Amino acid sequence: MKKLSGIKCKRCRNLSYTEREPNGWTMKKEKINENLRHAIHQLMCEDEAVVVIGEDVREPYGGAFKINKGLSDDFPDRVIGTPISEEGFVNMASGMAIMGHKPIVDMMFSDFTTLSFDPLLNFASKSVTMYGDKLDLSMIVRCANGGYRGYGPTHSQSMQKYFMGIPNLSVYELSPFHDNYYVFNRMFSEKNPCIFFEEKIIYSQYRYENGVIDELFNYSFKGDHENWAVASIEENSVPDVLILCPGGLASMCMKVAEKLIMADEIEVKVAVPSKLYPCGIEAIIEDAVAAGKILIVEEGTSGHTWGEGIAVKLYPYLNKQKDGAIELLSSSDSIIPASKYYESQVLVGEQDIYESVLKLMKIAKEG
């Protein structure tokens with residue numbers, strides 16, 4: 001292993017900071033929030049154009065979920081605390097990106113992206129191509145996303161679908177499979193604005209690493225930029241059902257997959273993309289056709305979603321199969337209650353996923 005060059009901060013010089021396969025931080029059993037924090041730190045070490053912008057991102061707070069913890073100590077001039085004005089600081093980040101900086105914007109909760117919709121849609125995404133020549137506008141808007149925490153209607157929504165289909169704006173989601181250092185480099189390499197949704201409930205979970213999930217399941221990457229992580233008992237086996245879900249629900253779907261094989265002898269593969277939009281399906285067509293039965297699971301409410309777009313793309317490959325079927329599973333058409341009990345009645349959960357697979361298999365659950 002060789003040491004990375006260009007390390008500019010004391011923290012990195014004092015750590016075992018090496019190039020590995022894949023290169024990055026050498027760590028044992030890494031939590032997802034740690035991987036995310038280390039990814040941003042590494043990017044800031046390697047590229048002085050990278051800056052962090054947002055509310056309460058500086059010490060001693062380090063952001064609402066502590067992802068920016070320690071960054072303002074190591075990079076005091078490149079971690080910029082802002083007033084409570086999402087529209088203002090996203091506009092500022094867009095201008096900085098046009099001038100050659102690479103802003104990482106911390107959106108405290110994804111619900112607040114509604115306040116930044118105008119600068120993202122009408123300035124950042126359009127500025128890339130509206131002047132005749134393509135402009136580089138490398139910026140990432142990070143959004144803590146989703147429910148299951150009892151935070152109530154205004155701090156628990158899944159907002160991904162509102163940003164699908166906007167030219168020059170890419171949509172990604174945090175995943176327990178994908179190393180965030182590479183995901184962030186991929187986003188910056190697009191030289192377009194990107195929005196990155198981070199499911200709050202998986203921050204404290206451990207990453208899946210080295211192709212292993214547990215004693216039953218392994219995973220491998222497929223597609224351009226290894227966009228799809230596909231988890232299975234045996235990579236080349238033909239599953240009974242293929243489950244597709246964004247990264248925030250990956251761990252939940254894996255728990256259901258384990259229950260299905262152990263209790264019902266139903267073999268499931270789970271496919272999870274890093275990039276939600278634009279999202280190609282070429283890498284998973286073979287698995288989809290082999291399974292024939294597909295369940296697409298999302299936390300957000302139904303209607304013009306990532307899952308519906310994927311279903312439309314997959315349908316032509318399945319419509320001639322006698323037993324081919326695609327089911328969509330979303331949360332209820334409701335605001336999200338603050339009560340944990342009532343929240344669990346609204347948001348999609350493990351039992352919903354389990355029963356949807358049984359429905360696909362036409363197995364009636366006894367009792």
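# A tour of pockets, cores and strands

Strand β14 gives the most to the lining of the second largest pocket, with three residues. The model is predicted, and the tour starts at this pocket.

**Stop 1: the second largest pocket.** Select Gln157, Ser158, Thr301, Ser334 and Ile336, which are the closest to the centre of the pocket among the 16 residues that line it. The volume of this second largest pocket is about 230 Å³. Sorted by class, its lining has six nonpolar, seven polar and three charged residues.

**Stop 2: the largest cavity.** Keep Ser158 selected and add Gln160, Glu298, Glu299 and Gly300; these five are the closest to the centre of the largest cavity, out of 15 residues that line it. Its volume is about 140 Å³, and the structure holds three cavities of 30 Å³ or more. Strand β14, residues 293-301, supplies the largest share of the lining of the largest cavity, with four residues. The classes in this lining are five nonpolar, five polar and five charged residues.

**Stop 3: the nonpolar cores.** Select Met139, Phe163, Phe184, Phe196, Leu244 and Trp306. Of the 76 residues in the largest nonpolar core, these six touch the most other members. Helix α2 (residues 32-46) contributes the largest share of this core, seven residues. A second, separate core has 34 residues, among them Phe177, Ala229, Ala257 and Leu358. In soluble globular proteins, nonpolar side chains tend to be buried together.

Now centre on Leu244 and show its surroundings. Which residues does Leu244 touch, not counting residues up to four places away in sequence? They are Trp228, Ala271, Ile284, Ile294, Leu295, Ile296, Val297, Trp306, Ile310 and Leu314.

**Stop 4: strand β10 and its partners.** One of the contacts of Leu244 is Trp228, so select strand β10, residues 228-232, of which five of five residues are buried. Trp228, Val230 and Ser232 point one way from β10, while Ala229 and Ala231 point the other way.

Add strand β9, residues 218-222, which runs antiparallel to β10 and is joined to β10 by five bridges. Ser220 is the residue that stands opposite Val230. The hairpin of β9 and β10 has five residues between the strands, and Gly223 in this hairpin takes a positive phi near 90°. Glu226 also lies in the loop between β9 and β10. Phi of Glu226 is near 50°, a positive value in a residue other than glycine. With a relative accessible area of 46%, Glu226 is partly exposed.

Then add strand β12, residues 268-273, which pairs with β10 in the antiparallel sense over four bridges. Here Ala229 stands opposite Val272.

**Stop 5: helix α11.** Select residues 350-360, helix α11, and colour its buried residues: Ile353, Tyr354, Ser356, Val357, Leu358 and Leu360. What do the buried residues of α11 pack against? The partners are β11 (241-244), α7 (250-264), β12, β14 and β15 (325-331). Lys362, with a positive phi near 60°, follows α11.

**Stop 6: the loop between β3 and α3.** Move to Asp56, found in the loop between β3 (50-54) and α3 (71-74). Is Asp56 buried or partly exposed? Its relative accessibility is 42%, and because buried requires a value under 20% and exposed one over 50%, Asp56 counts as partly exposed. Asp56 touches Tyr61, Gly62, Gly63 and Met108, not counting residues up to four places away in sequence. For a distance label, pick the C-alpha atoms of Asp56 and Ser125: they are separated by 26 Å, and the two residues are 69 residues apart along the chain.

Pro60 is found in this loop between β3 and α3 as well. The peptide bond from Glu59 to Pro60 is cis, with omega near 10°.

**Stop 7: two further backbone features.** Select Tyr277 and Pro278, which are joined by a cis peptide bond with omega about -15°. Pro278 has its place in the loop between β13 (275-277) and α8 (285-291).

End at Asn168, in the loop between β6 (139-145) and β7 (170-173). Phi of Asn168 is near 70°, a positive value in a residue other than glycine. Asn168 has a relative accessible area of 22% and is partly exposed.

Key:
Residues are numbered from 1 along each chain as its sequence is written. This is a predicted model: local features need pLDDT of at least 70, side-chain atom pairs count only at pLDDT 80 or more; totals for chains, interfaces and linings use all residues. Side-chain values use heavy atoms; hydrogens and water are left out. On a 1 Å grid over the protein atoms alone, a cavity is a set of points where a 1.4 Å probe fits but cannot get out, and a pocket is an open set with protein on both sides within 12 Å along at least five of seven lines; lining residues have an atom within 4 Å of a point. Grid points are joined across faces, edges and corners, and a volume is the space filled by probe spheres set on the points. Helices (H or I, at least four residues) and strands (E, at least two) are DSSP runs, numbered from the N terminus. Ala, Val, Leu, Ile, Met, Phe, Trp, Tyr, Cys and Pro count as nonpolar, Asp, Glu, Lys and Arg as charged, and the others, Gly among them, as polar. A nonpolar core is a set of buried Ala, Val, Leu, Ile, Met, Phe, Trp, Tyr and Cys residues joined through side-chain atoms within 4.5 Å. Buried means under 20% relative accessible area, exposed over 50%, partly exposed in between (1.4 Å probe, protein chains only). Contact means heavy atoms within 4.5 Å. Two strands pair if DSSP finds at least two bridges between them.
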